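Could you give me a short tour of this structure, the kind a colleague might offer before you start turning it on screen?

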Amino acid sequence: MTQPALLTVSDLRTYFYTGAGVARAVDGVSFTIGTGETLGIVGESGCGKSVTALSILRLVQQPGRIEPGSRIMFENQDLLQLDGAGIRRVRGNRIAMIFQEPMTALNPVFTVGDQIAEVARVHASASRRAAWDRAVEMLTMVGIPAPAERANQYPHQLSGGMRQRVLIAMALIMNPALVIADEPTTALDVTIQAQILELLADLQQRLGTSIAMITHDLGVIAEVASRVLVMYGGEVVEEARVETLFTEPHHPYTEGLLHAMPRVGRRQERLAVIPGSVPPPTAWPTGCRFRDRCAYAWDRCAREHPPLYQIGVGHVSRCHLADEPERRTARATAQVSPAAQAAVPGGGA
């Protein structure tokens, strides 16, 4: 019997009502995350990834609003129906978030030990001594040397990698069922990035935590995720198993992201780019939102907004090429870059 999803997001719409118009930042997004699963969420800046994460935790601020008809089911309860006290019991306890920039996520006037211990005091009603001991224990778990000493230090006294580990310790102190990691390695060098990803994978294996990994880096996705959600224009444009996405991408936007990956050992080769930029959410194009940047676009793309077509088992794509595949074969079919092939687990030499 199939285990029910831990998180089910259905038709999520988060709009911002601004003087420039209604910004439809997240516009009908649906997905699930299973128990113990890592879901990768990728796309350029402005595609709705972070707003989706903030919506799950109901951290969207005015003038933003989650629209009626949206549903976020987590552990058999609709998070959008909870009152303020109810969502606070979930936030930081059953669902935790690792933010992109630890220097802004951490409070500079409190020690890191106090900030981690505060989570235990709020959610577990732990005594000050017990919460502090738990904070030191978490710093040990995330691999920070001399944890008792580091707990008494302030964020500016730690390196970027250590600050990121502090955020991970803070997120995991209550053993949450789901961790949302929003670009957790963006500001780190590649060596520290690899250590953080290895740490997350190890902690997930030990604790059984589900992870939603939000990033623009497909190399990170290949390293940690089992399934991938590609977002563009506030929508899901493709979803597949990670192996399928890297070897058989369907949506032209996914192809473009894969082509843009750098190739190891090819220093003189210019990086491929996707022409243009993500349009503003106040003015999504009619029809397909990617059509102005797409090499395959034709008149139907301007007339009809594409649904999510079923491409294969667990593989969907929001592209009319699924309905008219001959238009793809009429062109020189773009080949997935060697870098993308090498990033597939087991696909590199």
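Here is a short briefing on the fold, one central strand, one helix and a few backbone details.

The model is predicted. Its protein chain holds 14 helices and 13 strands. Much of the picture can be built around an open sheet of eight strands, so that is a good place to begin once the overall dimensions are in hand.

**Overall dimensions**

- A compact globule of 349 residues would have a radius of gyration near 20 Å, and the 21 Å of the protein chain agrees with that.
- Along the principal axes, the C-alpha atoms of the protein chain fill a box of roughly 70 × 50 × 50 Å.
- Of the 349 residues, 50% count as buried.
- If you take contacts between residues at least 6 apart in sequence, 65% of them join residues at least 24 apart.

**The eight-stranded sheet**

- Reading across the open sheet, the strand order is S7-S8-S9-S3-S10-S11-S13-S12, and the pairing is mixed.
- Strand S7 (95-98) and strand S12 (309-312) are at the edges; each has a single partner strand, so one side of each lacks a neighbour in the sheet.
- From one strand to the next, the twist averages 20°.
- Strand S8 (residues 178-182) and strand S9 (residues 210-215) run parallel and are joined by five bridges.
- Within that pair, Ile-180 has Ala-212 of S9 as its bridge partner.

**Strand S10 and its two neighbours**

- How many residues of strand S10 (residues 227-232) are buried? Six of its six are, so the strand is mostly covered.
- In a regular strand, side chains alternate between the two faces of the sheet.
- Both faces of S10 are covered, with Arg-227, Leu-229 and Met-231 buried on one side and Val-228, Val-230 and Tyr-232 buried on the other.
- S3 runs parallel to S10, and four bridges join the two.
- S11 (residues 235-241) pairs with S10 in the antiparallel sense over six bridges.
- Val-230 is a handy landmark here: Val-42 stands opposite it, and Val-230 also stands opposite Glu-238 in S11.
- The hairpin of S10 and S11 has two residues between the strands, and Gly-233 takes a positive phi near 60° there.

**Helix H8 and other helices**

- Helix H8 (residues 190-207) lies across strand S3 (38-42), S7 and S9, and runs at about 160° to S9.
- H8 has 18 residues and spans 25 Å from its first C-alpha to its last, close to the 26 Å expected at 1.5 Å a residue.
- Which residues of H8 are buried? They are Gln-193, Ile-196, Leu-197, Leu-199, Leu-200, Leu-203 and Gln-204.
- These buried residues cover an arc of only 155° around the axis, which puts them on the same side of H8.
- An α-helix has 3.6 residues a turn, so residues three or four places apart point the same way.
- Val-190, Glu-198 and Gln-205 are exposed on the other side of H8.
- The cover over the buried residues of H8 includes S3, S7, helix H5 (128-141), H7, S9 and helix H9 (218-224).
- Just after H8 comes Gly-208, with a positive phi near 70°.
- Helix H7 (residues 160-172) lies across S7 and S8, running at about 175° to S7.
- Helix H11 (residues 252-259) is largely enclosed by the rest of the structure, because seven of its eight residues are buried.
- The buried residues of H11 are Pro-252, Tyr-253, Thr-254, Glu-255, Gly-256, Leu-257 and Leu-258.

**Backbone details to look up**

- Most residues other than glycine have a negative phi, and most peptide bonds are trans.
- Gln-62 and Pro-63 are joined by a cis peptide bond, with omega about 10°.
- Pro-63 sits in the loop between helix H1 (49-56) and strand S4 (64-66).
- Ser-125, a residue other than glycine, has a positive phi near 50°.
- The loop between helix H4 (112-124) and H5 holds Ser-125, which is exposed at a relative accessible area of 65%.
- Ala-146 is not a glycine either, yet its phi is positive, about 45°.
- You will find Ala-146 in the loop between H5 and helix H6 (147-150), where it counts as partly exposed at 40% relative accessibility.

Definitions and conventions: Residues are numbered from 1 along each chain as its sequence is written. This is a predicted model: local features need pLDDT of at least 70, side-chain atom pairs count only at pLDDT 80 or more; totals for chains, interfaces and linings use all residues. Side-chain values use heavy atoms; hydrogens and water are left out. Two strands pair if DSSP finds at least two bridges between them. Axes are lines fitted to C-alpha atoms, for helices over the stretch in contact, and angles run from 0 to 180 degrees between N-to-C directions. Contact means heavy atoms within 4.5 Å. Buried means under 20% relative accessible area, exposed over 50%, partly exposed in between (1.4 Å probe, protein chains only). The expected span of a helix is 1.5 Å times one less than its number of residues. The arc is that of the directions from the helix axis to the C-beta atoms. The radius of gyration is taken over C-alpha atoms; the globule rule is 2.2 Å times the number of residues to the power 0.38.
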